[in-house]
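Grab a pencil and work through these exercises with the structure open beside you. Each task comes with a worked solution.

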Amino acid sequence: MKNSLGREIPDTIKGYYKEVKAFTGAYDNIGDVIKTQVRAKSLMPGKKKLLNSLEEAIKKTGLEDGMTISFHHHLRNGDYVVNMVMDKIASMGIKDIKIASSSLFPIHAPLIDHMKSGVVTGLYASYMSGPVAEAVSEGILENPIIMHTHGGRSRAIESGDIKIDVAFIASPSCDSYGNINGLYGESACGVLGYAISDAHYAEKVVAITDNLVAYPACPIEISQDYVDYIVVVDKIGDPRGIVSGTTRITKDPIGLKIAKTTAQLIEASGLLKDGFSFQTGAGGTSLAVAASVREIMKEKGIKGSFMSGGITGYMVDMLEEGLFDSILDVQCFDLRAIESLKNNKNHQPMSASMYGNPHNKGAVVNNLDVVILGATEIDTDFNVNVTTGSNGVIMGGSGGHSDTAAGAKLAIVVSQLFKGRLPLIADKVTTVSTPGETIDVLVTERGIAVNPRRKDLIERLKDSKIQLVSIEELKEIAERITGKPMEIERDERMVAAIEYRDGTIIDVVRKIKR
Amino acid sequence: MVIDKPARAGTLESSDIYIMVQPNQGQGIEIQLDSIVLKQFGKQIENVMRQTLKDLEIEDIKIIANDRGALDYTIRARLETAINRAN
């Protein structure tokens with residue numbers, strides 16, 4: 001069958017945890033929902049949760065062949081926990097495990113061997129890059145992996161679509177009764193937003209820590225009432241891979257030009273006034289947009305309400321300057337963000353569900369005025385690909401892209417018109433991550449294109465200094481310089497299915513022909 | 001024009017192409033191309049090289065190229081430079 005974006009979706013997906021439902025529209029499945037029930041084992045007073053080893057914990061959880069386990073990705077490319085747990089599971093002879101990890105990074109390459117040996121047979125992730133993503137693209141698993149958005153992952157867990165048997169939670173600080181925070185310890189990562197749904201909805205929860213602290217581990221981010229067992233290990237991660245030292249604004253003149261144009265557009269949109277809410281990523285160009293917006297806000301004395309998403313020191317600066325009232329933080333990107341979370345009362349952690357789940361009673365993304373987004377490709381319908389490279393290999397994923405695009409009043413994609421030789425704009429993107437109906441504007445170094453669906457915005461910009469071009473014109477400008485790329489040949493075999501945030505299938509990734 | 005000795009031009013920086021040329025007396029045109037956009041632009045890159053060779057009236061040459069997403073004019077300029085250095 002074809003979904004509403006014209007993407008060919010198979011009637012069945014091997015190993016999928018539910019029936020295939022094709023994407024029909026970004027806001028079609030909002031309304032009545034039911035949250036799943038969770039079986040839990042209550043604890044007698046006097047019983048202890050602290051165990052002697054990881055192996056003991058795995059045994060006590062009752063983990064068996066065929067079960068689903070989960071991880072969070074706050075330790076990013078410094079994470080030791082996924083590999084540690086999987087090596088132990090493999091050595092205990094357990095097979096056919098499905099991994100629900102909020103994201104996977106190059107450090108998780110040892111998973112490939114566990115896939116080859118049948119220890120790991122399924123994978124769910126919102127973002128993945130590195131050797132595991134490449135191996136999946138080449139078809140290492142018999143069943144396609146399922147990719148989510150950050151909010152969609154929470155939705156899938158809370159609805160019971162993904163039933164987590166055991167959640168293994170990397171815990172930078174933990175006490176002997178299972179209260180967890182990410183603020184302290186050698187592997188501090190700040191917020192633990194992506195692990196909250198896992199803790200609340202997994203049947204068994206194991207906290208893995210290298211920093212056992214006195215009870216209670218305040219300020220508590222994940223509380224004891226959700227945690228079954230605690231295991232102490234030498235190290236849960238490598239701080240160098242967890243947080244980047246400093247995040248820098250781009251020095252590239254093209255990136256700076258795009259940033260400046262974007263800030264002018266935001267100003268002209270009428271949204272940049274007192275109470276302004278704003279989200280931008282940690283990339284160099286995104287930060288440059290923040291810098292340009294910061295200047296305008298200072299100049300005009302505008303006070304914003306909140307910034308959200310993954311947080312960098314740059315946003316902390318804007319908070320501490322008084323340009324924004326608060327930060328709603330789902331993940332800390334650097335040490336400044338972690339420090340701010342410790343010290344600033346108006347720097348508030350949030351769960352991935354609160355951040356972007358379309359099936360709760362209102363996510364933070366719904367309150368966003370403006371979000372700045374990236375793109376690997378965008379097509380003339382404004383559909384965006386951030387999942388696969390133009391060569392068809394998985395190298396990312398939606399993360400919060402689709403969630404913020406759907407929620408924000410103004411979703412702006414910023415990008416160079418071509419990178420290397422690859423043009424940004426295609427007739428059809430290789431993979432749809434985010435539907436075009438939720439993307440409002442594309443800003444490039446050679447012009448701004450507004451989505452024709454946003455007639456109100458086009459009307460408003462008519463009286464401003466902002467010059468608009470059509471996305472088709474931008475595409476032609478680029479192709480005159482780069483030439484038109486040839487299409488990648490693909491195998492019939494599916495290697496990944498992409499779930500939109502509401503759980504419908506927005507696209508699939510097929511194996512590349514060698 | 002004849003290729004007398006091996007020569008090279010270009011770099012491995014993004015958006016550039018590194019080209020080595022070698023004599024290939026009586027053996028025609030031989031192109032070994034590696035590119036980060038081989039699937040999307042491999043044919044086009046080879047076409048640009050062959051056209052450049054035709055314009056310079058070169059019939060025997062071995063080209064070893066490592067492309068990092070260079071545009072056509074870069075490919076042409078790097079190849080011409082390598083050839084000028086080869087005789």
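**Exercise 1.** Which residues in α1(A) meet which residues in α2(A)?

*Solution.* Keep in mind that this is a predicted model. Start with the α1(A) side: A:Leu54, A:Glu55 and A:Ile58 make the contact. Across from them, α2(A) supplies A:Met84, A:Val85, A:Lys88 and A:Ile89. Now sort the residues of this contact by character: five are nonpolar, none is polar and two are charged.

**Exercise 2.** How do the axes of α1(A) and α2(A) cross?

*Solution.* First, find the two helices: α1 spans residues 54–61 of chain A, and α2 spans residues 81–91 of chain A. Their axes come within 10 Å and cross at roughly 70 degrees. Angles of 65 to 115 degrees count as roughly perpendicular, so α1(A) is roughly perpendicular to α2(A). Last step, the handedness: α1(A) passes α2(A) in a right-handed crossing.

**Exercise 3.** How many residues does the contact take from chain B and from chain A?

*Solution.* Count each side: 14 residues come from chain B and 11 residues from chain A. On the chain B side, helix α1 (residues 38–55) of chain B gives the most, with five residues. Sorted by character, the chain B side has five nonpolar, five polar and four charged residues.

**Exercise 4.** Is strand β12 of chain A mostly covered or mostly uncovered?

*Solution.* Look at residues 304–311 of chain A: seven of the eight residues in β12 are buried, and the strand is mostly covered. Next, look for its neighbour: two bridges join β11(A), residues 277–279, to β12(A), and these strands run parallel. For one pairing to check by eye, A:Ser277 has A:Phe306 in β12(A) as its bridge partner.

Notes:
Residues numbered from 1 in each chain as written. Chains lettered and ligands numbered in written order. Predicted model: local features only at pLDDT ≥ 70, side-chain atom pairs only at ≥ 80, totals over all residues. Axes fitted to C-alpha atoms, helices over the stretch in contact; angles between N-to-C directions. Helix = DSSP H or I, 4+ residues; strand = E, 2+ residues; numbered from the N terminus. Parallel < 35°, antiparallel > 145°, perpendicular 65-115°, else oblique. Left-handed = near helix turned anticlockwise from the far one by under 90°. Contact = placed C-beta atoms within 7 Å. Nonpolar A, V, L, I, M, F, W, Y, C, P; charged D, E, K, R; others polar. Buried ≥ 20, exposed ≤ 12 C-beta atoms within 10 Å, placed from the backbone. Pairing = 2+ DSSP bridges.
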